[in-house]
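Please open the structure in a viewer and keep the selection tool at hand. The tour below proceeds from stop to stop, stating at each one what to select and what is found there.

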Amino acid sequence: MAPVEVLSIAYNQDYGCFACGTTTGFRVYNCDPFKETFCRGFNNGGIGIVEMLFRCNILAIVGGGPAPKYPPTKVMIWDDHQVKCIGELSFRSQARGAGGRARARRPRCAAAWRAQRAAPPPAGPVLQVRAVRLRRDRIVVALEHKVLTYNFADLKLLHQIETLGNSRGLLALSSAADATVLACPGLHTGQVRIELYDRKQTKFISAHNTPLVCLTLSLDGKRLATASDKGTLVRVWSTADGSLLQELRRGTEPAHVHSIAFSKHCEWLAVSSDKGTVHVFALAPHVVTGSEEGDPAKAGDAAPAPAAAAAAAAARQQQLQQQQEQEQQQQQGRHNPTSMLSNLVKSYVPIPLPKYFTSEWSFAQYKLTEDDTGRSLVGFAASDPHALVVITQSGRYHKVSFDPAKGGPCTQTAFGCYIVAGEDDGAS
């Protein structure tokens, strides 16, 4: 059997697990503590995309590599309890845009997943799947020029979005049950399209002047983080109104940003890139707390009754107090450093300074080793809000921690290898 090669890596929605697709199957690992959960080998059948749904037994997989197990034009719905596929979405071009055929294989168990059969689209060139995202009620698929949203229960197509060319598979989906928010490229360079499904609204954000390379949503869908192909700046946005909340500087030299991650309560933001350094930024108090008006799930509702209004006012007052306390904490040390020349120049030059001098630099950093090659993904450890998990496509796992008061270099607390160079993959 040929040595295994990693084709893709991806976290689940809360960074509690990660999955890797290989040239001979796929594997799932627990992040903290680090251990293999299960391995599925397919007799040299490659899996190019593996998307988890929290820790559920249902996964979405797409074939990949030199000998794909499934066509890269199909999303296969895998049930690991039954150790087989129970449904699929296949894609071919049509006269106007791309469509998908949904098909579910009827399982032996009557209580298992059921799905409807849709008529196949007209024959045409096949369309490769670029990305898949899952939540408990939706499956979202990114193709080269289209994003399609399906109902999870019956694989019924609910929505189609035209996008700019999306070979990187840029796609983000909120996972909170009370807010359904989707982010994908728009039709213009550097533009992000936001779908606020609960409000039935669409927002467009001109995030960058150059092509997007990375975007991510917070768990609740209220905040969006983006990076362009320059890789020097990361911007944080409100999805409710498209306003810019904070701008963060990763560095001065161009870089390819691999991943961006929000912490659970949006106090921190982490960024990994091809420069081999993971950066951690402190998010501003107004980004952390948000506001009732900026809630994508609740904004636009009918006016509350008097009792509800009083309760809302009390909640807002409590939120304001918490925000003030957080601002005080930030002033005591939890803030991103700025250029050392900023204050010096301000004292001599009574004019507005270029953005570079007022940029917010990273609060904490972690340097990967020369053996950590290929793509790197960062996430926040579930057990500790001040700990990160970093995985690399070279098969290496790092857990590191940072000082929430002082910042600076991170400390490695755990290390492992989920793929060993030259090892064979076998079915389990």
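A search of the whole structure, which is a predicted model, finds 0 disulfides. Two cysteines may be selected at the outset. Cys85 has a relative accessibility of 4% and counts as buried. Cys214 is likewise buried, at a relative accessible area of 7%.

**First stop: the hairpin of β1 and β2**

Select residues 6-11, which form strand β1. How many of its 6 residues are buried? The count is 5, so that β1 is mostly covered. Next, add residues 17-22, strand β2, which pairs with β1 in the antiparallel sense over 5 bridges. Within this pairing, Tyr11 has Phe18 of β2 as its bridge partner. The two strands form a hairpin, with 5 residues between them. In the turn, select Tyr15, whose phi is positive, at about 65°.

**Second stop: the largest nonpolar core**

Keep Tyr11 and Phe18 selected, and add Leu388, Ile391, Phe402 and Tyr418. Of the 34 residues in the largest nonpolar core, these six, namely Tyr11, Phe18, Leu388, Ile391, Phe402 and Tyr418, touch the most other members. Several elements give two or more residues to this core, including β1, β2, β23 (268-273) and β24 (277-282). Further along the chain, β25 (364-367), β26 (376-380), β27 (387-392) and β28 (396-401) also give two or more residues each. Which element supplies the largest share of this core? The answer is β27, with 5 residues. In soluble globular proteins, nonpolar side chains tend to be buried together.

Now centre the view on Leu388. Residues up to four places away in sequence are set aside here; beyond them, Leu388 touches Ala270, Val278 and Val280, among others. Its contacts also include Val378, Gly379, Phe380 and Ala381, as well as His398, Lys399, Val400 and Phe402. Another core, of 22 residues, lies apart from the largest one; Leu53, Val75, Phe91 and Leu134 are among its members.

**Third stop: Thr73 in a loop**

Select Thr73, which is placed in the loop between β6 (58-63) and β7 (74-79). Is Thr73 buried or exposed? With a relative accessible area of 12%, Thr73 is buried, because the value falls under 20%. Then add Gly63, which is 10 residues from Thr73 along the chain; their C-alpha atoms are separated by 8.1 Å.

**Fourth stop: an open sheet of 4 strands**

Display β10, β11, β12 and β13, which form an open sheet in that order, with antiparallel pairing. At its edges stand β10 (131-135) and β13 (157-162); each has a single partner strand, so one side of each is left without a neighbour in the sheet. On average, neighbouring strands of this sheet are turned by 15° against each other, direction ignored. Inside the sheet, select residues 138-142 (β11) and 146-151 (β12), two antiparallel strands joined by 5 bridges. Val141 stands opposite Leu148 of β12. Strands of a sheet pair through backbone hydrogen bonds, either parallel or antiparallel.

**Last stop: Ser228**

Finally, select Ser228 in strand β19 (residues 223-228). Ser228 counts as buried, because its relative accessibility is 5%. Which residue does its side chain meet in a polar contact of 3.1 Å? The partner is the side chain of Thr210. Leaving aside neighbours within four places in sequence, Ser228 is in contact with His208, Thr210, Pro211, Leu212 and Val213.

Key
Residues numbered from 1 in each chain as written. Predicted model: local features only at pLDDT ≥ 70, side-chain atom pairs only at ≥ 80, totals over all residues. Heavy atoms only, no water. Buried < 20%, exposed > 50% of the residue type's maximum accessible area, 1.4 Å probe, protein only. Pairing = 2+ DSSP bridges. Polar contact = N/O pair within 3.5 Å; in protein donor to acceptor, adjacent residues only side chain to side chain. Contact = heavy atoms within 4.5 Å. Axes fitted to C-alpha atoms, helices over the stretch in contact; angles between N-to-C directions. Core = buried A, V, L, I, M, F, W, Y, C linked by side-chain atoms within 4.5 Å. Disulfide = S-S within 2.5 Å.
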